[in-house]
Amino acid sequence: MSPSGTGCLGAGSTVRTRIALVYGGVFLVLGALLLLVVNLLVRAGTDGEKEAIVARAGEVAVVEAYRIGDDVGRAANEQMLMWSCLALLVIACGAVVVGWWTAGRLLRPVHEMTARARRLSERDLGGRLAVRGPDDELKELGDTIDALLGRLETAFDSQRRFIANASHELRTPLATQRAALQVGLDEDCEVRRILLDTNRHSERLLDGLLLLARGERGLAEREDVPFAEVVAEEYEDVAVAEDGVVRGSRVLLRQLVRNLVANAVAHNVPGGTVDVRVHGGAPTVVLTVVNTGPVVPPDEVESLFEPFRRGAGRDRTGPGAGLGLSIVRSIATAHGGTATAVARGAREGGGLVVTVTLPATVTRRS
């Protein structure tokens, strides 16, 4: 058996197919052994009968009797072997069919459990498999999955409450602190400027963390969003080949585009360029953002999607929170899409090519 559990039949074979073939194979082996034993016993019995017939023959007819006995025994053995093998193959095929039907009956509860599990998500963890039937291994598996879903539901509810409470509890003191600084200190005070910059950085970091958490926990509500229209709201110079309607959150999609554009501008070079394009239609729509900038080593590109990772020359005291691309990938994933990046070489002007692919339901010509 291979590590994947599919054996020599390959990764594309199903459990039902494997059960049917194993059932037929076992039947074929056992049937062949049975026929071998039967043929040996029949041959031994035929030889005994031949000796008895020869013993009853006269002295003159002994040689002829042996010859006739050999011919008759050989013909009988050949006929029996031929018809036995043919019958074995036919019955083995029948065993495969019976095994296929039996496996389907036995695996039907598993297919039902799989279909129900697919319908469950982080927005509908209140559903359960609710497997009915005898108290066997399949029911035990269903009950175990239901218990797991219950624990996940509790964890997701706790996360949602924490995010809501953190948003309220942390925003309020930051806003109060900013107001106190603006009122209590003179505008020319250097300390006032430093404290306000720190306060704004904390607010951006909080907004980024809350947005990242919101994207990672999925979408509670969805609507049809013309994606190119959303991109144009954030970047007027977008080039649109074909538009697609994305089923998701307009607010989060706007934040995705905003973060991509802001990241491309922040990591650009003086006099550099930013190119934003939307192309493709159903079943996918693709947003591509290309900028000039510092040359990023190819092996460091993927790490830029991790939280709090900044590009070359960016420190933790800068205006960014290091969450831009993390939020982009989180929002893309929440919409069933992907976000990838490729580094450009020095001859191409440096920078990144960031591509976001989202499932689209309708194609709209521009």
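## Helix α7 over β6 and β7

In this predicted model, helix α7 (residues 324–334) lies across strands β6 and β7. Set against β6, the helix runs at about 140 degrees. The two strands under it pair with each other in the antiparallel sense, over six bridges. If you want a spot to look at in that pairing, try Val-342, which stands opposite Val-353 in β7.

Arg-329 is worth a look too: its charged end sits over the ring of Phe-305, 3.9 Å from the ring's centre. As for ring-on-ring pairs, a search of the whole structure turns up zero aromatic pairs.

## The sheet, strand by strand

Now for the sheet these strands belong to. It's an open sheet of five strands, ordered β2-β4-β5-β7-β6, and the pairing is mixed. At the edges you'll find β2 (239–240) and β6 (338–343), each of which pairs on one side only.

Strand β5 (residues 284–291) has β4 and β7 as its neighbours in the strand order. Its pairing with β7 (residues 352–359) is antiparallel and covers seven bridges; there, Val-289 has Val-354 as its bridge partner. With β4 (residues 274–279), the pairing is again antiparallel, over six bridges, and Asp-275 stands opposite Val-290 in β5.

How enclosed is β5 by the rest of the structure? Seven of its eight residues are buried, so the strand is largely enclosed. A residue counts as buried here when its relative accessible area is under 20%.

The β4 and β5 hairpin has a detail of its own. Four residues sit between the two strands, and Gly-280 takes a positive phi near 85 degrees.

## Helix α5 across four strands

Another helix meets this sheet as well. Helix α5 (residues 227–234) lies across β2, β4, β5 and β7. Relative to β4, α5 runs at about 165 degrees.

## Salt bridges

How many salt bridges does the structure hold? The count comes to eight. One of them brings together the side chains of Arg-247 and Asp-224, at 3.1 Å from N to O. This pair links distant parts of the chain: Arg-247 belongs to strand β3 (residues 242–248) and Asp-224 to strand β1 (residues 223–226), with their positions 23 residues apart in the numbering. Both ends are in the middle band for accessibility: Arg-247 counts as partly exposed because its relative accessibility is 39%, and Asp-224 does too, at 47%.

Arg-254 turns up in two salt bridges, with Glu-233 at 3.4 Å, N to O, and with Glu-234 at 3.0 Å, N to O. Why does the Arg-254 and Glu-234 pair tie together parts that are 20 residues apart in sequence? It does so because Arg-254 lies in helix α6 while Glu-234 lies in helix α5. The Glu-233 contact likewise links distant parts of the chain, with Arg-254 in α6 (residues 250–266) and Glu-233 in α5, 21 residues apart. Arg-254 is partly exposed, with a relative accessible area of 30%, and Glu-233 is partly exposed as well, at 37% relative accessibility.

These contacts are part of something wider. Salt bridges that share partners join Glu-229, Glu-233, Glu-234, Arg-250, Arg-254 and Arg-258 into one network.

Methods. Residues are numbered from 1 along each chain as its sequence is written. This is a predicted model: local features need pLDDT of at least 70, side-chain atom pairs count only at pLDDT 80 or more; totals for chains, interfaces and linings use all residues. Side-chain values use heavy atoms; hydrogens and water are left out. Buried means under 20% relative accessible area, exposed over 50%, partly exposed in between (1.4 Å probe, protein chains only). Two strands pair if DSSP finds at least two bridges between them. Contact means heavy atoms within 4.5 Å. Axes are lines fitted to C-alpha atoms, for helices over the stretch in contact, and angles run from 0 to 180 degrees between N-to-C directions. Rings of Phe, Tyr and Trp (its six-membered ring) pair if their centres lie within 6.5 Å; planes under 30 degrees apart count as stacked, over 60 as edge-to-face and the rest as tilted. A charge sits over a ring if NZ of Lys or CZ of Arg is within 6 Å of the ring centre and within 35 degrees of the ring normal. A salt bridge is a side-chain nitrogen of Lys or Arg within 4 Å of a carboxyl oxygen of Asp or Glu.
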